[in-house]
Amino acid sequence: MKIAVLGATGLLGHHAARAVKAAGHQLVLIHRPSSRIERLSYLEPECRAAELLDHAGLTRALTGLDGVIFCAASYPKRPRRWQEEVASALDETNHFYAACLAAHVPRILYTGAAIALPRHPEGLPGHEGLFYEGMPRWKNPYLLCKWALDEQAREQARSGLPVIIGIPGMCLGEFDVGPSTGRIVTAIAHGWMTHYVPGRRNVVDAADAGRGLLLALEKGRAGERYLLTGRNIEMAELTERIANLLGVQPPQPMPLALAKGMAVLGRLRFRLSGELPKLNDTAIAVMAGGQFLDGSKARHELGFVAETPLEVTLERTIAWFRGNGYL
């Protein structure tokens with residue numbers, strides 16, 4: 001199969017590209033002209049440059065494929081009104097789906113986020129059948145972006161586009177340029193994250209998640225969600241494990257209300273000085289907006305099982321950050 005990856009310079013996209021190559025498929029990378037795509041040259045991909053908002057160029061880049069894995073969904077980085085974040089995210093993916101339709105792509109994998117699922121009403125691990133009744137009440141930009149993109153992907157599938165939704169747990173691993181989720185590691189290491197918001201998470205190695213995204217593209221059913229899960233863990237234990245491996249003091253718990261108040265002050269400081277806040281709305285959502293996850297559907301339908309123990313994932317992640325000058 002000839003399979004393209006969009007967003008391959010990011011953590012999940014890089015690992016999805018590695019999984020495509022390891023499985024023996026022809027790898028195509030669709031990327032912005034300005035992207036640092038040379039980092040993936042060792043995979044010997046076919047590279048096709050296109051902007052997400054360039055319909056003609058993106059359609060050409062998507063032509064002749066057997067499938068595409070979309071890992072380029074919007075991720076709020078700067079303080080901005082949630083309405084602007086959601087509109088921007090939906091606009092980009094609308095262009096992507098329109099180009100897929102024009103190029104007649106037979107299989108499309110949208111990479112979603114577990115925060116798009118509401119918490120299980122009985123406190124059990126979350127599953128693919130959980131849906132919000134209307135818009136989430138917490139007006140967090142990250143939460144609302146991921147919720148809106150999940151709604152959009154399912155609507156595209158209902159309209160006949162062959163969209164499958166792969167939803168990894170919280171991903172940690174090598175190649176986290178930026179970093180993205182791995183910011184929890186660098187923030188603890190540098191003493192920027194002295195506190196955490198208690199919550200439940202599911203952590204999966206990024207390499208396992210990349211392999212799971214490929215399995216979802218190959219075997220998944222259009223319109224269905226698939227949770228790609230690893231280890232269920234409390235934030236208290238996760239932050240303590242990271243701190244112990246780094247040899248620093250672990251962060252202390254902080255109430256969600258206090259974290260939200262600090263985020264408000266951070267947004268005000270950003271507007272006045274341009275200084276990015278250490279604790280932003282996205283970080284709060286990542287810490288507090290999660291839940292334990294049930295990955296049995298992906299196990300039964302896709303044959304996906306995470307293979308990497310959490311301790312190995314953390315050790316590899318820290319080693320990569322050290323080797324690349326982040327620590």
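Biologist: Before we look at helix H6, what does buried mean, and what does exposed mean?

Modeller: Buried means under 20% relative accessible area and exposed over 50%, with partly exposed in between (1.4 Å probe, protein chains only). Please keep in mind that this is a predicted model, in which local features need pLDDT of at least 70 and side-chain atom pairs count only at pLDDT 80 or more, while totals for chains, interfaces and linings use all residues. Residues are numbered from 1 along each chain as its sequence is written, and side-chain values use heavy atoms, with hydrogens and water left out.

Biologist: How many residues of H6 are buried?

Modeller: Helices (H or I, at least four residues) and strands (E, at least two) are DSSP runs, numbered from the N terminus. In H6, 10 of the 14 residues are buried, so this helix is largely enclosed by the rest of the structure. Among them are Asp208, Gly210, Gly212 and Ala216.

Biologist: What span does H6 reach from its first C-alpha to its last?

Modeller: The expected span of a helix is 1.5 Å times one less than its number of residues. Helix H6, residues 206-219, reaches 20 Å, close to the 20 Å expected. At its N-terminal end Asp205 acts as a cap, with a side-chain oxygen 2.9 Å from the backbone nitrogen of Ala207.

Biologist: Which residues does Ala216 touch, beyond those up to four places away in sequence?

Modeller: Contact means heavy atoms within 4.5 Å, and by that rule Ala216 touches Arg107, Leu109, Ile164 and Leu302. Ala216 counts as buried because its relative accessibility is 0%.

Biologist: Which residues have the most contacts inside the largest nonpolar core?

Modeller: A nonpolar core is a set of buried Ala, Val, Leu, Ile, Met, Phe, Trp, Tyr and Cys residues joined through side-chain atoms within 4.5 Å. The largest one here has 38 residues, and those with the most contacts inside it include Leu6, Ile30, Phe96 and Ile108. Helix H3 (82-103) and strand S5 (108-111) are among the elements that each supply at least two residues of this core. A second, separate core of 32 residues includes Ala8, Leu11, Leu12 and Leu29. Leaving aside neighbours within four places in sequence, Phe96 is in contact with residues including Leu52, Leu58 and Phe70.

Biologist: And for the chain as a whole, how many helices and strands are there?

Modeller: The chain has 11 helices and 12 strands, and 53% of its 327 residues count as buried. Residues 24 or more positions apart account for 77% of the contacts with a separation of 6 or more.

Terms used: Polar contact = N/O pair within 3.5 Å; in protein donor to acceptor, adjacent residues only side chain to side chain.
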